Amino acid sequence: MGGSVENQNENAFKHAFNPALLQEMASAVARHYPSFNTRAFLDKNAQLDKLEMKARVRVIRDALAAELPQEYPEALAVIVSVLKENKLRGFAVWPFAEFIQVYGLEHRESSLDALKVVTTCFTSEWAVRPFIKSNPAETMRFLLQCAQDDNVDIRRWASEGTRPRVPWGEKLHMFITDPSGTREILEALKFDPELFVRKSVANHLNDITKDHPDYVIELLQSWQQQARNDDVKKVAWITRHALRTLIKNGHPDALALIGVQHGADVALDAFALKQKQIQLGESLEFKVSLRSTSPVPQNIVVDYIIHFMKANNKTAPKVFKLRAFELPANGTVTIEKKHAVKKITTRQYYAGAQFIEIQVNGKVLGGVDWALGM
């Protein structure tokens with residue numbers, strides 16, 4: 001088979017950590033700590049070019065540690081002053097969060113208070129995890145209070161920071177083993193007025209479905225029973241997004257919870273690709289025609305599954321959402337889709353034979369071969 005694609009993406013997040021960002025950080029710190037050795041800090045830029053994103057963050061974190069006051073409480077006071085100035089945002093704040101999580105574990109209360117400030121400028125969902133692991137009871141009590149904060153970012157942090165499998169963050173195995181440890185926080189946020197928060201709740205529950213699907217389904221059933229008025233729509237949205245992985249996998253109870261029957265009285269009349277061979281950077285275009293064989297309307301969830309070639313010359317499936325709708329009795333529908341096959345940092349492509357399938361309500365109805373060239 002053909003070789004893999006190098007992930008040399010000029011737009012990769014790692015390039016955010018560059019000389020301009022270091023200069024911005026140094027200027028901000030020096031305003032609050034005039035003794036800060038800006039030149040020594042900026043010299044670290046020479047180490048960044050060959051490093052990936054997280055390694056760049058660690059270099060900058062340790063450079064801060066070298067030039068800030070050596071007593072942690074004093075260094076933390078400088079960091080908090082910098083962040084409250086509200087001129088640094090986004091990735092510029094990440095090394096400060098890293099500094100707190102690495103050097104601040106023995107100063108739990110002041111560090112957690114500082115992370116509340118961090119999360120309003122960037123996020124503390126990764127930085128809080130060492131505190132949960134080292135002192136779970138006190139940290140979870142603190143985060144439960146955060147779930148009731150007036151600030152939307154802080155409320156979201158309570159859910160996002162305790163997710164068992166948050167992207168880019170270390171796993172919280174205690175909650176992978178026993179998800180009930182985060183339930184109070186999720187209960188406090190299930191009817192939150194902000195979608196930003198409810199999306200985190202849904203993602204948190206989706207994490208749990210990977211190990212405890214029945215727990216999540218039972219929890220969502222209880223929320224649906226509790227919901228009244230506007231909260232009904234909130235829980236319906238959380239339910240669909242929380243169960244997305246189970247729905248893609250055709251889990252019968254998950255489908256039932258969104259009003260969909262596992263398997264449907266549907267026939268696949270046609271499934272055709274515009275081109276059966278494409279080059280990297282092009283799109284896989286297909287058209288699918290479905291026909292109801294039922295005398296009553298049906299709620300339909302249509303997904304497509306691409307079996308991508310891997311390095312071992314075997315394929316592995318990836319499920320993508322296509323469309324969810326009500327199919328009329330004896331009705332028909334034609335759906336067209338373009339799926340871009342382009343370089344991304346989260347997937348490595350390999351040339352050769354691939355496969356695509358159409359799935360309706362968790363049941364695969366048919367598939368077609370295709371090929372990828374480099």
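The following legends describe close-up views of a predicted model.

**View 1. Stacked pair of Trp-94 and Trp-168.** A search of the whole structure finds 19 aromatic pairs. One of them joins Trp-94 and Trp-168, with 6.0 Å from centre to centre and 5° between the planes. The pair is classed as stacked because its planes are under 30 degrees apart. Trp-94 belongs to helix α5 (residues 94–103), whereas Trp-168 is found in the loop between α9 (152–160) and α10 (173–177), so the contact ties together parts that are 74 residues apart in sequence. Trp-94 is buried, its relative accessible area being 3%. Trp-168, by contrast, counts as partly exposed, with a relative accessibility of 39%.

**View 2. Tilted pair of Trp-126 and Trp-168.** The ring of Trp-168 also pairs with that of Trp-126, with centres 5.7 Å apart and planes at 35°, so this pair is tilted. Trp-126 lies in the loop between α6 (108–121) and α7 (129–134), and Trp-168 in the loop between α9 and α10; the pair therefore ties together parts that are 42 residues apart in sequence. With a relative accessible area of 11%, Trp-126 is buried.

**View 3. Aromatic cluster containing the three tryptophans of the preceding views.** Ring pairs link Trp-94, Trp-126 and Trp-168 with Phe-13, Phe-17, Phe-91 and Phe-122 into a cluster. Within this cluster, Trp-94 and Trp-168 supply the stacked geometry described in View 1, and Trp-126 and Trp-168 the tilted geometry of View 2.

**View 4. Charged side chains over phenylalanine rings.** Lys-190 is placed over the face of Phe-191, at 4.9 Å from the ring centre. In a second case, Arg-323 lies over the face of Phe-325, and the distance to the ring centre is 4.5 Å.

**View 5. Open sheet of five strands.** The strands follow the order β2-β8-β7-β4-β5, and their pairing is mixed. Strands β2 (277–279) and β5 (315–327) form the edges, each pairing on one side only. From one strand to the next, the twist averages 25°.

**View 6. Antiparallel pairing of β7 and β8.** Strand β7 (residues 352–360) and strand β8 (residues 363–373) run antiparallel and are joined by nine bridges. At one position along this pairing, Gly-352 stands opposite Leu-372 in β8. In the order of the sheet, β8 is placed between β2 and β7, while β7 is placed between β8 and β4.

Methods. Residues numbered from 1 in each chain as written. Predicted model: local features only at pLDDT ≥ 70, side-chain atom pairs only at ≥ 80, totals over all residues. Heavy atoms only, no water. Phe/Tyr/Trp six-rings, centres within 6.5 Å; stacked < 30°, edge-to-face > 60°. Helix = DSSP H or I, 4+ residues; strand = E, 2+ residues; numbered from the N terminus. Buried < 20%, exposed > 50% of the residue type's maximum accessible area, 1.4 Å probe, protein only. Lys NZ or Arg CZ within 6 Å of the ring centre and 35° of its normal. Pairing = 2+ DSSP bridges. Axes fitted to C-alpha atoms, helices over the stretch in contact; angles between N-to-C directions.
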